[in-house]
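Student: I'm new to this one and would like to learn how to read it. Can we go through it together, one feature at a time?

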Amino acid sequence: MQKSAVWLMVLLMLLLPLGAYAEEATASAETWLMAGYDSASVGHDWNNNFFFQRREAQSGVRFTFHQLTDLEEWTQEKARMTANGELPDVLFKAELTPAETRHMYEQGILIDLKPYLEEYAPNLTALLREHPEWEEAITLPGGEIVALPSINELQNNNAIWINTTWLRRVGLEMPTTAEELMEVLRAFKNKDANMNGSTGDEIPLTFTGMWDLRFLGHAFGLCSNDYHIQAKDGVVTQTLTSDRNRAFLTWLNQLWTENLIDRNGFTASDTTRAISSDDATITYGVVFGPSVMSMLPSSAVSDYALMMPLTCDGEQVYRDFLGDVVRGAFAITTACEDPAALVSWVDYLYSEEGYMLASAGLLDAEYEVHSDGTWNWIADTATVAQTILPEYTIAEGGNAPMYLPLSYQLNFDDDVTHAAVVALAALKEKSVTPYPLVYLTDEQQSRIDAIWSSLGPWSENMLARFVTGDVPLDDENWQHFCETALEMGLEDMVSIWQEALR
């Protein structure tokens, strides 16, 4: 679920002559080799992108580029790098995994950037001081900061969106508990909520697999990562075999039995379930996703509102899927003869002027700021999507090293976008990261991979079978499930994740 920073604005945009900025670049500009990944889907060409040319004019830092547009090829490229081979000076949109970051540093390919930050990266340094958890997330166990992050205060989350038009039609309020949600879903199913004269064609809640459904577990006090692991006050526990999980699965089974959730939810994809025509009958009451725009026609988007976390034991807690930090966005290799210059160059992206240039373009050329502080692109939507974003910005297509505050999306001058951002920001306030970002050792990672390669698929399948009733959720079957999970290494997983906490 890797999504980039300006996901809400991409759909919604004065072209400046290329030569104007090229002429401003100083003849004495130093040149470095930049390598990295930028997805082909967004159409960036680093050699001709205005962002890099404008930064060259500003900073005197000139790059030649080795840009890969296929992530697998870029992964292979990183694996081929060696300390005594030909290296680029800098990795941009590096997509470095924690293991790659540590290995490439230990092998003498990447350098420690921490000694340069205080003097040459004042913007990033200020952010890390204000948010020590961000600094901890990017710091290796030995204290080094080898790769700089992409920081976004409003990352995408798998939110739950509910059709408020249907709510009004069936005479119910926004649900606040699991029991109330069940009553809403029953009403959606039985009261012709889409008003097409036929009851039963409504799908009260649609989903894609157990991964989606697990985001409803918050209604039963469940908030764990993809490994069913959570950490609280330094203590790591698992939720897979917990009593709360059994209660949650029992509730899901009741929804399934009453046909309140999508019967195709374990087999269909978002693509096959999407409703694209404005003339089509809307059949979905509740939808999962960062927004509903990918699942529904534009005419139906305003009917849906984000459902705030349901209450369990008097609390509202939701899983923060991505957190604020994506690690491994920028690194400098041992081939670079002037790391300070490149640290200074990238630090600009952690400033307001920098992230606007990277994400929106140039003020009064591609975008404008209104008197109330809101902003919008100057060109029309089609021009923004087809020209401005691919040719004038660099944020999309991978995780760029930069800082995007909430205000960037909140101040975008579009009513639909603003409403979605306000809702997601409110959800963010109720969200927690189940387990912090850590750097695993090779041994820890290999042990987790070995356990999860069998435990993961098996448990996912069993959870789905409990939901559908293929396996009754009685005491005997639940005990067998718990015992099997332990035999497959569940408690070993807990121990490993506990070890990894610093």
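Student: Let's start with Ala-425. Is Ala-425 buried or exposed?

Tutor: The idea is to compare the relative accessible area with a cut-off: under 20% is called buried. Ala-425 has a relative accessible area of 14%, so it is buried. Keep in mind that this is a predicted model.

Student: Where is Ala-425 found, and which residues does it touch?

Tutor: For this you look up the element first, then the contacts beyond the close sequence neighbours. Ala-425 is in helix H18, which covers residues 415–429. Leaving out residues up to four places away in sequence, Ala-425 touches Leu-154 and Leu-406.

Student: How far apart are Ala-425 and Leu-362?

Tutor: You can give two answers, one along the chain and one through space. In sequence they are 63 residues apart, and from C-alpha to C-alpha they are 27 Å apart.

Student: Let me try that with Asn-477. How far is Asn-477 from Phe-466?

Tutor: The pair is 11 residues apart in sequence, with 9.4 Å between the C-alpha atoms. Asn-477 also touches Phe-466, along with Val-471 and Pro-472, not counting residues up to four places away. Asn-477 belongs to helix H20, residues 475–487. With 24% relative accessibility, Asn-477 counts as partly exposed.

Student: What about a charged side chain, say Lys-78? Is Lys-78 buried or exposed?

Tutor: Go by the number, just as before. Lys-78 is at 4% relative accessibility, so it counts as buried. You'll find Lys-78 in helix H3, residues 71–80. Beyond four places in sequence, the residues Lys-78 touches are Ala-94, Glu-95, Leu-96, Glu-100 and Met-104.

Student: How many positive and negative side chains does the whole chain have?

Tutor: There are 28 positive and 74 negative ones, and the centres of the two sets lie 6 Å apart.

Student: Now backbone angles. Which sign does phi have at Asp-192 and at Asn-259?

Tutor: Here you check the sign of phi and whether the residue is a glycine. Asp-192 is not a glycine, yet its phi is positive, about 50°. Asn-259 isn't a glycine either, and its phi is positive at about 60°.

Student: Where do these two residues lie?

Tutor: Asp-192 sits in the loop between helix H9 (178–190) and strand E6 (203–205). Asn-259 is in the loop between helix H11 (243–257) and helix H12 (270–273). Asp-192 is buried at 17% relative accessibility, whereas Asn-259 is partly exposed at 37%.

Student: How do I read the nonpolar cores? Which residues have the most contacts inside the largest one?

Tutor: Look at the count, then at the residues with the most contacts. The largest nonpolar core has 82 residues, and those with the most contacts inside it include Phe-188, Trp-251 and Trp-497. Helix H19, residues 442–468, gives the most to this core, with 9 residues. A second, separate core has 55 residues, among them Trp-32, Val-384, Ala-400 and Tyr-408.

Student: And which residues is Phe-188 in contact with?

Tutor: Setting aside neighbours within four places in sequence, its contacts include Ile-162, Trp-166, Leu-167, Pro-204 and Val-286.

Student: Last one: what about the chain as a whole?

Tutor: Compare its radius of gyration with the value for a compact globule. For 502 residues that value is near 23 Å, and the chain has 25 Å, which agrees. The chain has 21 helices and 16 strands, and 54% of its residues count as buried.

Notes
Residues numbered from 1 in each chain as written. Predicted model: local features only at pLDDT ≥ 70, side-chain atom pairs only at ≥ 80, totals over all residues. Heavy atoms only, no water. Helix = DSSP H or I, 4+ residues; strand = E, 2+ residues; numbered from the N terminus. Rg over C-alpha atoms; globule rule 2.2 N^0.38 Å. Buried < 20%, exposed > 50% of the residue type's maximum accessible area, 1.4 Å probe, protein only. Lys, Arg positive; Asp, Glu negative; His and termini not counted. Charge placed at Lys NZ, Arg CZ, Asp CG, Glu CD. Core = buried A, V, L, I, M, F, W, Y, C linked by side-chain atoms within 4.5 Å. Contact = heavy atoms within 4.5 Å.
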